[in-house]
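Visitor: Could you walk me through this one, with a focus on its charged side chains?

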Amino acid sequence: MDSGDKASKYKGQGSSLLLVLVNALCFSLLQAEPIRVLVTGAAGQIAYSLLYSIAKGDVFGKDQPIILVLLDIPPMLPVLDGVVMELQDCALPLLREVIPTDKVEVGFKDLDAAILVGSMPRKEGMERKDLLKANVAIFKTQGAALDKYAKKTVKVLVVGNPANTNCLIASKSAPSIPKENFSCLTRLDHNRASSQVAMRCGVSSDKVKNVIIWGNHSSTQYPDVHHAKVNVHGSEMAAYDAIKDDAWLRGDFISTVQLRGAAVIKARKLSSAMSAAKAICDHMRDIWFGTKEGEFISMGVYAGGNSYGIPEDLIYSFPVQIKNKTWKVVDGLSINDFSRAKMDATAAELVEERDTALDFLSQ
Ligand SMILES: NC(=O)c1ccc[n+]([C@@H]2O[C@H](COP(=O)([O-])OP(=O)(O)OC[C@H]3O[C@@H](n4cnc5c(N)ncnc54)[C@H](O)[C@@H]3O)[C@@H](O)[C@H]2O)c1
């Protein structure tokens, strides 16, 4: 080989090296920045069903890298270590980092999304008021931590019960973050209602849309199908017409959805976890990517300015549509006397819960 051949050989290697470098640069520029997602109660049973779905891209997108921050209380740190090991062992390409912690200053730092699952569970002999007091303390601390450490654009989903009131307390304790960034989970109730209607009509659950959960995530919630549609063999009809059993829709259907959580606990000796995790994914994915055209879903949101006569300073579950990460309550749905009474009853429970919680908050 003469010196000319050698030069052209190295020239060839140089240009392919350059190509590799340019490709690597483009790839890294095209790769989205990781988002930081917090799950509290991360050593618990809902989180165990939830974390895999988040880490594999089911919620924030298949091309969105994620840093998962896992917060729990100090005695649960050894359990959290096991959860971290399992997440690592899943070898998920989108999962860039897992940060287990019991410290709010670590847990709430620079968050893009916060899923607040951890809360004080009801212990035997515990009064409802004592339970509320313990949770006010938790969500006051976590709200203040969001205010201090998280991004102002953070989207906060409260799951831990009493979810509506915990969400209100967290929002009130984070005055620098817009109220609209806070929501609580009633999607599990919404999914339960859709599924009951689908089973009754003999169709799959995706053929049912626009059921509504009004109010509190408790047994006073009002599952409403007056505006729901069912697609039966290709033709879309009102749920009342598809089911043709008003007595069921006004009776057993409502109580089945309202009491489903208790029925699962009775059967499983544990509260709903797989279905709760699925509902959390549905809720957060809709916040991130929006709801489908012509469809609405249920979530607990700030009631300020609503057109349904619900007291303003509450987190109340409404039908909402979401676009550009912003929800809007669906206005103008007709409300009959039957619905009105049920919407007011669940609002009254929330007002009472709020007033007790605000007393604790001011102490
Ligand atoms: N909104 C809904 O639709 C819905 C549905 C199902 C369950 N829930 C509620 O979700 C919550 C969690 O349920 P679970 O089955 O996972 O319970 P779990 O007891 O299995 O787990 C809860 C975890 O939260 C942790 N925790 C408690 N206080 C904490 C704090 N201050 N900070 C961080 N972590 C804390 C606990 O240590 C525990 O690991 C419960 O309040 C349950 O009632 C809500």
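**Contacts and charges**

Visitor: Among contacts between residues at least 6 apart in sequence, what percentage join residues at least 24 apart?

Guide: Before we start: this is a predicted model, where local features need pLDDT of at least 70, side-chain atom pairs count only at pLDDT 80 or more, and totals for chains, interfaces and linings use all residues. Residues are numbered from 1 along each chain as its sequence is written, and side-chain values use heavy atoms, leaving out hydrogens and water. A contact means heavy atoms within 4.5 Å. For contacts between residues at least 6 apart, the share joining residues at least 24 apart is 73%.

Visitor: How many salt bridges does a search of the whole structure find?

Guide: Side chains of opposite charge can pair when their charged atoms come close. To count here, a side-chain nitrogen of Lys or Arg must be within 4 Å of a carboxyl oxygen of Asp or Glu. Searching the whole structure gives 16.

Visitor: Aspartate 313 and lysine 172 meet in a salt bridge, so how many residues apart in sequence are the parts that the pair ties together?

Guide: Their N to O distance is 2.9 Å. Aspartate 313 sits in the loop between β12 (297–302) and β13 (315–323), while lysine 172 belongs to helix α6 (residues 163–172). Helices (H or I, at least four residues) and strands (E, at least two) are DSSP runs, numbered from the N terminus. So the pair ties together parts whose separation in sequence is 141 residues.

Visitor: Which residue forms a salt bridge with aspartate 355?

Guide: The closest N and O atoms of this pair are 3.1 Å apart. The partner of aspartate 355 is arginine 354.
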